[in-house]
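The exercises below are meant to be worked through with the sequence and the coordinates side by side. Each one sets a task and then gives a solution in steps.

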Amino acid sequence: MSGRLAALVALALAGCTRLPVLEPAGPFAARLRELILDFTLVSALVWIAVVLALAVAAFRRRRAAPPDPALHPDARAEHRLHLAIAAAVAATVLVLVGLNVASFATDRALSTDEGKSALTIRVTGHQWWWEVTYVHERADQTLTTANEIHIPVGQPVSLALQSADVIHSFWVPELAGKKDLIPGHPNTLVLQADRAGEYLGQCAEFCGLQHARMRLKVIAVPPSAFEAWRQRQLLPATVPETASARRGQEVFLSQPCVMCHTVRGTPAGGKVAPDLTHLASRTTLAAGTLANTRGNLAAWISDAQGVKPGAHMPSLQIAPADLHPLLDYLEQLQ
Ligand code: CUA
């Protein structure tokens, strides 16, 4: 029975992404971890003190034949009681003020670094994916991608958070705290990774049917690798070289794909779904739902509603003879 239970638990957890909440990989997350640990420690001490006081009161032996306190008030005992209550109130106020000051100081420390970041990335929440735009004063240096945010290691990066529809919440626990993306109310969040690596994130505010499959990934790389990535992403889509990929491009441009998706360098200029110019350079599909493999891409195109029910991507009826050319085309969008 316990074997079956373990198998069930393993099955239930297989679909979960573990987010390491107390394993910071940068200074902002580290500060938040300190605050969480301080709050937990102080709350635990208060809890222990209250339980001890309760236990003392409950188990203290009564004095023999106590006089009725209402008729014979003991002045000294009354005084002691008043002192104890005053001390407890003072301690409560001190603890609350202390925790508030710690929380305020952490908040200030996290927000004063906003001005120091050289890189600003605009993150727009959509049901149910993340639009990621690297803002630059020159339009030809601005680039848009989706669901994966590349950042340089060791530098604060400013995120300008906004929403295209409902409230979402950006959360990559190893790098920063949570911040809501609210329609009509831009927010900022600064994050920093001190070591290269991939950091998983998840929308942390219920935003509809596929809230759980609104994942993202921050990929921190050395600054030179980041710049190389940025330069590649700025290029328009690769021109298909094989006959099959060329046929696939025709299929793509003749399907409703172009109404929602952009592939820079082609007539496809839709703005309501992820930019596919460099689709093949990303590691996942459908906001972290599937690994970006040929088979998953085929499944996502032909049965998006089966993979992610309710998503705004329709399941497309692509003729089998057209599907492989289409995959060939999409897979060369490096
Ligand atoms: Cu977006 Cu939950």
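The model is a predicted one.

**Exercise 1. The contact between domain 1 and domain 2**

Task: Describe the contact between domain 1 and domain 2, starting from the count of residue pairs in polar contact.

Solution. Between domain 1 and domain 2 the count of residue pairs in polar contact, with both residues at pLDDT 80 or more, is 0. The count of salt bridges between domain 1 and domain 2 is likewise 0. On the side of domain 1 that touches domain 2, helix α2 (residues 27–59) supplies the largest share, with 4 residues. By residue class, that side of domain 1 holds 5 nonpolar residues, no polar ones and 2 charged ones.

The next step is to place this contact in the chain, which is divided into domain 1 (27–114), domain 2 (118–231) and domain 3 (243–331). The contact draws 7 residues from domain 1 and 12 residues from domain 2. The area buried between domain 1 and domain 2 comes to about 660 Å², and carbon and sulfur atoms give 64% of it. Taken over C-alpha atoms, the centres of domain 1 and domain 2 are separated by 40 Å.

**Exercise 2. The surroundings of Gln-210**

Task: Establish whether Gln-210 is buried or exposed, and identify what its side chain reaches.

Solution. Begin with the location: Gln-210 is found in the loop between β9 (197–202) and β10 (215–221). Its relative accessible area is 5%, and because buried means under 20%, Gln-210 counts as buried.

Turn next to the polar partners of Gln-210. Its side chain makes a polar contact with the side chain of Arg-213 at 2.8 Å, and it also reaches the backbone oxygen of Pro-309 at 2.7 Å. Finally, when neighbours within four places in sequence are left aside, Gln-210 is in contact with Trp-128, Lys-308 and Pro-309.

**Exercise 3. Salt bridges of Arg-247**

Task: Which residues meet Arg-247 in a salt bridge, and where in the chain do these partners lie?

Solution. The structure holds 7 salt bridges. In one of them the side chains of Arg-247 and Glu-250 meet at 3.3 Å, N to O. Both residues lie in helix α5 (residues 243–254), where Arg-247 and Glu-250 are 3 residues apart, about one turn of the helix.

A further salt bridge brings together the side chains of Arg-247 and Asp-322 at 2.9 Å, N to O. Since Arg-247 lies in helix α5 and Asp-322 in helix α9 (residues 320–331), this pair ties together parts that are 75 residues apart in sequence. The accessibilities of the two can then be read off: Arg-247 counts as partly exposed at 35% relative accessibility, whereas Asp-322 counts as buried at 18%.

**Exercise 4. A salt bridge between helix α7 and helix α9**

Task: Explain why the salt bridge of Arg-294 and Glu-331 ties together parts that are apart in sequence.

Solution. The side chains of Arg-294 and Glu-331 meet in a salt bridge at 2.7 Å, N to O. Arg-294 lies in helix α7 (residues 294–302) and Glu-331 in helix α9, so the pair ties together parts that are 37 residues apart in sequence. For accessibility, Arg-294 is partly exposed, with a relative accessible area of 26%, and Glu-331 is partly exposed as well, with a relative accessible area of 33%. To complete the account of shared partners, salt bridges join Arg-247, Glu-250 and Asp-322 into one network.

**Exercise 5. Separation in sequence and in space**

Task: Set out how far apart Ala-237 and Val-263 are in sequence and in space, and do likewise for Ala-90 and Ser-254.

Solution. Ala-237 has its place in the loop between α4 (223–234) and α5, and at 12% relative accessibility it counts as buried. Ala-237 and Val-263 are 26 residues apart in sequence, and their C-alpha atoms are 6.4 Å apart in space. Not counting residues up to four places away in sequence, Ala-237 touches Val-263, Arg-264, Thr-277 and Leu-333.

For the second pair, Ala-90 has its place in helix α3 (residues 75–112) and counts as partly exposed at 40% relative accessibility. Ala-90 and Ser-254 are 164 residues apart along the chain, and their C-alpha atoms are separated by 73 Å.

Methods: Residues are numbered from 1 along each chain as its sequence is written. This is a predicted model: local features need pLDDT of at least 70, side-chain atom pairs count only at pLDDT 80 or more; totals for chains, interfaces and linings use all residues. Side-chain values use heavy atoms; hydrogens and water are left out. Domain bounds come from an automatic or database domain assignment. Contact means heavy atoms within 4.5 Å. Buried area is the accessible area (1.4 Å probe) that two parts lose on being put together, summed over both. A salt bridge is a side-chain nitrogen of Lys or Arg within 4 Å of a carboxyl oxygen of Asp or Glu. A polar contact is a pair of N or O atoms within 3.5 Å; within protein, one must be able to donate a hydrogen and the other to accept it, and residues adjacent in sequence count only if both atoms are side-chain atoms. Helices (H or I, at least four residues) and strands (E, at least two) are DSSP runs, numbered from the N terminus. Ala, Val, Leu, Ile, Met, Phe, Trp, Tyr, Cys and Pro count as nonpolar, Asp, Glu, Lys and Arg as charged, and the others, Gly among them, as polar. Buried means under 20% relative accessible area, exposed over 50%, partly exposed in between (1.4 Å probe, protein chains only).
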